[in-house]
Structure formats: structure tokens, C-alpha cells
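Biologist: Could you take me through the sheet in this one, and then show me what ties the rest of the chain together around that part? Take your time over it.

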Amino acid sequence: MSGLCACCFCLLCNTFLCFTLAFFMFCYILTSDEPKFSITDASLTQFNFTNTDNSTLHYNLALNITIRNSNKMVGIYYRRVQVIANYRQKTFAMVNLTSAPFYQGHKNTTTLHAVLEGQQLAVFGESNISQFNSDTAASIYSIDLQLALQVRARYFSFKTAEYPSSKINCKLQVPLSLNETSPSGFNVTMCGNVHILTDRGD
């Protein structure tokens with residue numbers, strides 16, 4: 001009888017321990033810090049708009065994207081990183097980075113490089129063309145950048161399922177550079193709408 005009691009006591013202790021560990025892990029997941037995204041450099045060497053029957057935007061934009069994971073025990077698997085560039089609410093470039101997939105460990109900073117180069121048909125109204133001409137005169141352009149991510153997280157040794165696609169917004173003011181070697185004059189820009197670990201929905 002005493003052996004049965006001891007067995008039941010051990011079972012209760014193990015069950016309590018498992019629930020306690022699960023509770024603390026759940027709390028840790030809820031309180032994890034989001035990674036911080038910033039554009040640390042942007043070089044725009046071409047941004048020309050041809051306003052003809054075939055309105056075309058020619059562009060050459062190079063970016064350094066820095067990701068900081070400040071969590072102590074959370075790693076992030078980046079399955080896909082897609083960079084989407086918009087001007088005046090028109091998408092003119094989209095590229096999937098070849099550096100993904102990759103794993104970012106805890107307390108880690110990762111820098112990604114992206115080059116968006118080419119041409120895109122763009123239909124602008126009169127107000128957008130007027131704004132483009134003003135930006136051209138000032139040699140600085142307002143470019144809205146989006147980072148579309150597919151990620152998984154690793155908490156201790158536990159790996160989550162892939163989270164729904166998340167889009168991060170980076171509102172850039174990018175000066176036009178004379179060439180690829182001259183200083184760009186770009187100011188480091190922090191990105192917003194980062195909801196990777198704390199919000200799995202759009």
C-alpha cells in the first residue's frame with residue numbers, strides 16, 4: 001500500500017512539474033521581445049520616370065537591412081524575406097533575398113543586403129507627377145519599403161510551426177546618389193509594424 005501511495009505521489013509531482021514548466025514557457029513566449037528591424041543604409045543611384053505613352057520608372061536601389069534579436073532564449077528561423085518597394089502607393093520593385101532561409105540566434109544582430117534594380121511600368125496621376133518633380137528637384141525620394149516575412153521561432157529546444165506571413169513597414173527618405181561610391185547621406189531608419197512573435201495574425 002505504501003508503495004502505491006509513493007507511486008501516486010511521484011505521478012502527482014511529475015504532473016505538477018510539467019504543468020509548471022509549460023506555464024512558465026507560455027508566459028515567456030507571451031513576453032518575448034520582437035526583433036528590431038532597421039534600414040542602416042540606402043543608396044539610390046537611379047530613379048528616373050519617363051512620362052510617355054509607356055510610362056516607365058527606372059530604378060537602382062541598394063539596401064542594408066539590420067535585424068536585432070535581443071531575446072536571451074529565443075531564436076528565429078527566417079524561411080523567406082521578401083523586399084517590396086513602393087513610391088506614391090505604387091509598387092515598383094519586389095525581390096526575394098537569396099540569404100534566406102537562415103537562422104538568427106539569441107542576442108544576435110544580422111545584416112542583410114538587397115539590391116533592387118530594373119524598370120517598371122507606372123501610371124501616375126498629375127498630383128503624383130508633380131510630387132515626383134518636387135522630389136527630383138530636392139534629390140530625395142519618399143520610398144515606402146515593406147519586408148514580407150515567413151518565420152518560425154525556437155524557444156529553448158521547442159520549435160513553433162511557421163507563423164502566418166508578416167509585413168513590416170519602413171518609411172524611407174532616400175537621397176539620390178551621384179554614383180555607387182559616393183556617400184549616400186541616408187539616415188538610419190527604424191521599421192514599424194513588427195508583430196512576429198507577439199501577434200500571429202495580420
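Modeller: Sure. In this predicted model, the sheet is an open one of four strands, running E6-E2-E1-E10 with antiparallel pairing. At the edges sit strand E6 (108-121) and strand E10 (189-190), each of which pairs on one side only. Take the E6 side to begin with: strand E2 (residues 56-69) pairs with E6 in the antiparallel sense over 14 bridges. If you want a spot to click on, try Leu 61, whose bridge partner in E6 is Leu 116.

Now go over to the other edge, E10. Confidence in the chain is highest there, at 97, while helix H1 (residues 2-30) has the lowest, at a mean of 55. For the whole chain, the average pLDDT is 84, and 79% of the residues score at least 70.

E10 also leads you to the disulfide. Searching the whole structure turns up one of these, and it joins Cys 170 to Cys 191, with the sulfurs 2.1 Å apart. Cys 170 lies in strand E9 (residues 166-175) and Cys 191 in the segment after E10, so the disulfide ties together parts 21 residues apart in sequence. The torsion about the S-S bond is about 105 degrees, which means the disulfide is right-handed. Are its two ends buried or exposed? Cys 170 is buried, at a relative accessible area of 0%, and Cys 191 is buried too, at 11%.

Stay on E9 for a moment, because Lys 171 lies in that strand and pairs with Asp 144 of strand E7 (residues 140-155), linking parts of the chain 27 residues apart. The contact between Asp 144 and Lys 171 is a salt bridge, with the closest N and O atoms 3.9 Å apart. Lys 171 is exposed, with a relative accessible area of 62%, whereas Asp 144 is partly exposed at 30%. So Lys 171 is exposed, while Cys 170 in E9 is buried.

The structure holds two salt bridges, and Arg 79 and Glu 162 make another of them, at 3.9 Å from N to O. Here the link spans 83 residues, from Arg 79 in strand E3 (residues 74-87) to Glu 162 in the loop between strand E8 (158-159) and E9. Both ends are partly exposed: Arg 79 has 42% relative accessibility and Glu 162 has 41%.

Terms used: Residues are numbered from 1 along each chain as its sequence is written. This is a predicted model: local features need pLDDT of at least 70, side-chain atom pairs count only at pLDDT 80 or more; totals for chains, interfaces and linings use all residues. Side-chain values use heavy atoms; hydrogens and water are left out. Two strands pair if DSSP finds at least two bridges between them. Helices (H or I, at least four residues) and strands (E, at least two) are DSSP runs, numbered from the N terminus. A disulfide is a pair of cysteine sulfur atoms within 2.5 Å. Buried means under 20% relative accessible area, exposed over 50%, partly exposed in between (1.4 Å probe, protein chains only). pLDDT is the predictor's confidence in each residue, from 0 to 100. A salt bridge is a side-chain nitrogen of Lys or Arg within 4 Å of a carboxyl oxygen of Asp or Glu.
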